[in-house]
Amino acid sequence: MTIQFSDEEIGLNAVNETEVSKKKLFNPEGNDKVQNRKITGGDTTNLFNLNDTKYSWAKNMYRVMMGNFWVPEKVDLSNDIKDYKKLTKHELKAFKGTISFLVFLDSLQTNNVPNIADYITAPEVSTLLAIQTYQEAIHSQSYAYILESIVPASERAKIYDFWRDDKILLERNKYIATIFQNFIDTPNDETFARVLVANFILEGLYFYNGFNFFYNLASRHLMMGVADEIRYINRDELTHVTIFKNIILALKDEKPGLITQELVHQMFDEAVQQEIEWSNHILDNHILGINEQSTEKYTKFLANMRMKMLGFDELYEGYDVNPYAHLEKLADENNDGVKSNFFESTVTNYSQSSSVDDWDDL
């Protein structure tokens, strides 16, 4: 059952709708002193002096993101061509629909992250968003590589256009895109707060039922190459979660009342309901090891974890166990940095390495 909130309860009236301005390309009168630096609304020259930084987390994250460089085409998908023909009709539906949704998410982010960066006045944080934009484009490239390597040419266009014929996916896509577009059309404190939370939700919640579908196949020795591609994407997305977590935490200090627990709870609740509805729709309760109960448990568990990362209370009482813990071990989030394939079947340590020691620290 969806929790309903009034405008006052979701924090829409917590701040005045103060217009926010894009930073200047070059501001000769700006003040670059670190103590005067702000996430947004700062007055720097906009030159990137990255030797002096206020936000130490950004400098550390820069090294992590640069260490995570990878190339989609270096993952061998030759065995996946054979596996694709072994998938059941339900697995094929889930495969195509999940890829379609992931394409949308990364396409949207490639276009939208620069819009947010236009308002970020801390150069060390802007640098991270530039890297993120590049990574989102790499993710889109990886989906194209998967489709052209595995899926017959006659089926690819239908996957990209799946949202045109699937009402649930269309409404899902429109919801997040509308929040982004509202900020572009009317940049103010309210729309800025919502676009930051929406990005945190997109990076921290929307991908993971889809990722677990591919890890589920890999646990049965199916589509192992695709799962490796997803692992690299998964690793990148966790850094993006960290970026927006830290931006939001900084703004909670710098602009009290801008991002409230009520706002975050309202947006997460809507996102959770959509995620559950979409996952049940596309997985259709016919995927071995995944059902409506596990989807609800995982989605609400993940949402609770993300809200706690922002310093807010959990929204869903009793959802504190991850039903897919066995699959997330395969995602290699805390293990060897995506250096070996599932079950050590092949080695893929072609300089696509990670400098992350422990994702729990992010």
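Okay, before anything else, one term: when I say two residues are in contact, I mean they have heavy atoms within 4.5 Å. What we have here is a predicted model, where local features need pLDDT of at least 70 and side-chain atom pairs count only at pLDDT 80 or more, while totals for chains, interfaces and linings use all residues. Residues are numbered from 1 along each chain as its sequence is written, and side-chain values use heavy atoms, with hydrogens and water left out.

So, the overall picture. The protein chain has 13 helices and zero strands; helices here are DSSP runs of H or I, at least four residues, strands are E runs of at least two, and both are numbered from the N terminus. Of the 362 residues in the chain, 55% are buried. Buried means under 20% relative accessible area, exposed is over 50%, and partly exposed is in between, using a 1.4 Å probe and protein chains only. If you take contacts between residues at least 6 apart in sequence, 79% of them join residues at least 24 apart.

Let's start with V226, in helix α10, residues 224-254. V226 counts as buried because its relative accessibility is 0%. What does V226 touch, once we leave aside neighbours within four places in sequence? The answer is L77, D80, F95, I146, I150 and F214. Take I146: it is 80 residues from V226 in sequence, yet the two are 6.9 Å apart in space, C-alpha to C-alpha.

F95 and F214 from that list come back in an aromatic cluster, together with Y84 and F213. A quick word on rings: those of Phe, Tyr and Trp (its six-membered ring) pair if their centres lie within 6.5 Å, and planes under 30 degrees apart are stacked, over 60 edge-to-face, the rest tilted. The whole structure has 16 aromatic pairs. One of them is F183 with F192, a tilted pair at 5.6 Å centre to centre and 35° between the planes. Both F183 and F192 are buried. Then why is F213 with F214 called edge-to-face? Because the planes sit at 65°, with the centres 5.2 Å apart. F213 is buried, at 0% relative accessible area, and F214 is buried at 0% too.

F192 also turns up around T40, which sits in the segment before α1 (56-67). With a relative accessible area of 6%, T40 is buried. Not counting residues up to four places away, T40 touches Y119, T121, F192, L251, E254 and K255.

Now, empty space. A cavity, on a 1 Å grid over the protein atoms alone, is a set of points where a 1.4 Å probe fits but cannot get out, and lining residues have an atom within 4 Å of a point. Points are joined across faces, edges and corners, and the volume is the space filled by probe spheres set on them. There are three cavities of 30 Å³ or more, and the largest holds about 70 Å³. Which helix gives the most to its lining? That's α11, with five residues. Among the lining residues are Y206, F207, W278 and E275.

Last bit: Y206 has R172 over its face, at 4.1 Å from the ring centre. That counts when NZ of Lys or CZ of Arg is within 6 Å of the ring centre and within 35 degrees of the ring normal. Likewise, the charged end of R306 sits over the ring of Y208, 5.4 Å from its centre.

Note on methods
1 Å grid on protein atoms, 1.4 Å probe; cavity = no way out; pocket = protein on both sides within 12 Å on 5 of 7 lines; lining within 4 Å.
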